[in-house]
Amino acid sequence: MTPHPPHPPHHEPAAPRDLVGIGIGPFNLSLAALAHPLAELDTAFYDRSPTFQWHPGLLIEDSTIQVPFLADLVTLADPASPWTFLNYLKTRERLFPFYFAERFHIRRTEYDAYCRWVAGNLPALHFGHRVDAVRWNPEHAVFEVDHTRLGGDGQEETHGRTRARNVVLGIGTEPHVPDPLKPLADAPGVPVVHAADYLHHRDTLLAAGHITVIGTGQSGAEIFLDLLRHRPAGRESIHWLGRTGAFAPMEYSKLGLEHFTPDYTRYFHGLAEPVRDQLVPAQWQLHKGIDTDTLAAIHDELYRRTLHGGWPDAVLTPGVRVRTAGRVAATRIELHLEHTQQHTRTRLTTDAVVLATGYRQRPLDQLLAGLDPYLCRDSSERPRVDARFRLALDPRITASGCHVYVQNAEIHTHGVGTPDLGLAAWRSATILNALTGTEPYPLPTRTAFTTFGLKPHPRPHTQPARHAAPTLVPLVDQR
């Protein structure tokens, strides 16, 4: 049966809430789930969507999430929580089937169903509410969050304002469309779609004579495989292109995965800003490569289509960028391509394009325009974020004990683990520990076998005897 959540604390309309969350994706859903049993906290979370949604256009059949099921919303901070994935299975009487299925990485559709189960049982969540602005009220020493309630058709219904001592931003990312393809993607009726909307346009894409997939990350691989499986042998007519120099596997060695631990996150946060900026793009294969099982499935499918002679009509070319794009013959799309290593150029005419070109963080500037005078920024004008995921604000605000926290908007300060689901529960627990000033969720002091960086040796607790002669040790360069 579904766990009975405790009653939320009574909220006086004029009283400020302890925490207001903006956006309800997996990260703020994790925070809401861990905050729920803390009876002393008065919380509210807002999202403009009518219900919980997690990449609905990419819930391709049999695609899996790239973290183990233990990286659910709460387990790595509180395995006894009623909101664990295993408890979700128990409430659905599916625990034994899951046990025998021996799945460490679950399907995306199942992770989405689990999140919707949690979201449906947390009373602090308010869907269909668009947050319009956040400002600081110095007279009452609180944040003011303006929001608009939306009807089922998306029309504005009522306006409201919630006061809060703390705010957490979890507005997530948005699809990225490269500049050369924006005019086509924005034009009505042109079959150029972002991967985020793939399933909504899948039938149209499959009906196209020739399809081009752009992007050599996990989404591009999954979409290429799905299209390939549903095209007739010998008449596949698919191109798969991307800027990356290879269809590279994601780093998934056990020690490599320790880059997604709190230990590495703390190490990265302590590095100088220029070093952090160099590291993030250099570590792309930690989080932008392709799962090896997906690569194997693609090769198996291509190989299967050679069994009766001939090669499949599929072209896979990495190291290619789109220079320009336009319409030809009213119904077709022409891509002007350049190979990044050969520096050769060509044209490709296609009937449909899927842009598996990733996501970018949603800009915070418009939402936080009212806080701009109080924000502290780094040399690149990005918000500074402290080790507890709090925006660096003017001391006039922080001295009152009020803070703005961020989730998945701090890759420049906390590294490649920022968008990783495996760190969701730990980050949520860190935020709640900081917000309450207590430790409702004790966290481990060490999480990796790797020691990141050289740490100074502590001074010995005992002093040598006064009569002992000092020992001289020759200096040796150990580089």
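This is a guided tour of a predicted model, moving from a sheet to a helix pair, a hairpin and a single glycine.

**The open sheet**

Begin by selecting the five strands that make up an open sheet, which follow one another in the order 9-16-10-11-12 and pair in the parallel sense. Colour strand 9 (192-194) and strand 12 (314-317) separately, since these are the edge strands, each of which pairs on one side only. If you look along the sheet, you will find that neighbouring strands are turned by 15° against each other on average, with direction ignored.

Next, keep strand 12 in view and add strand 11 (residues 238-241), with which strand 12 pairs in the parallel sense over four bridges. Within this pairing, select Leu241 and then Thr317, its bridge partner in strand 12.

Now show helix 7 (residues 218-229), which lies across strand 10 (211-214), strand 11, strand 12 and strand 16 (352-355). Compare its direction with that of strand 11, to which helix 7 runs at about 170°.

**Two helices that cross**

Move on to helix 1 (residues 26-35) and helix 4 (residues 108-119), whose axes come within 10 Å and cross at roughly 45°. Because angles from 35 to 65 degrees fall outside the roughly parallel and roughly perpendicular ranges, helix 1 and helix 4 are oblique to each other. The crossing of these two helices is left-handed.

To see what makes the contact, display the side chains of Pro26, Leu29 and Ala33 on helix 1, together with Tyr111, Cys115, Val118 and Ala119 on helix 4. Sorted by character, the residues of this contact comprise seven nonpolar, no polar and no charged ones.

**A hairpin**

Then select strand 14 (residues 332-339) and strand 15 (residues 345-350), which pair in the antiparallel sense over six bridges. Along this pair, Leu337 is the residue to pick out, as it stands opposite Thr346 in strand 15. The two strands form a hairpin with five residues between them, and in the turn you can select His343, which has a positive phi of about 60°.

**A glycine after helix 14**

Finish at Gly437, in the segment that comes after helix 14 (424-436). Is Gly437 buried or exposed? With a relative accessible area of 64%, Gly437 is exposed, because the cut-off for that description is over 50%. As a last step, select Gly401 as well and check the distance between the two C-alpha atoms: Gly437 and Gly401 are 36 residues apart along the chain, and their C-alpha atoms are separated by 10.0 Å.

Note on methods. Residues are numbered from 1 along each chain as its sequence is written. This is a predicted model: local features need pLDDT of at least 70, side-chain atom pairs count only at pLDDT 80 or more; totals for chains, interfaces and linings use all residues. Side-chain values use heavy atoms; hydrogens and water are left out. Two strands pair if DSSP finds at least two bridges between them. Axes are lines fitted to C-alpha atoms, for helices over the stretch in contact, and angles run from 0 to 180 degrees between N-to-C directions. Contact means heavy atoms within 4.5 Å. Angles under 35 degrees count as roughly parallel, over 145 as roughly antiparallel, 65 to 115 as roughly perpendicular and the rest as oblique. A crossing is left-handed if the near helix is turned anticlockwise from the far one by less than a right angle, and right-handed if clockwise. Ala, Val, Leu, Ile, Met, Phe, Trp, Tyr, Cys and Pro count as nonpolar, Asp, Glu, Lys and Arg as charged, and the others, Gly among them, as polar. Buried means under 20% relative accessible area, exposed over 50%, partly exposed in between (1.4 Å probe, protein chains only).
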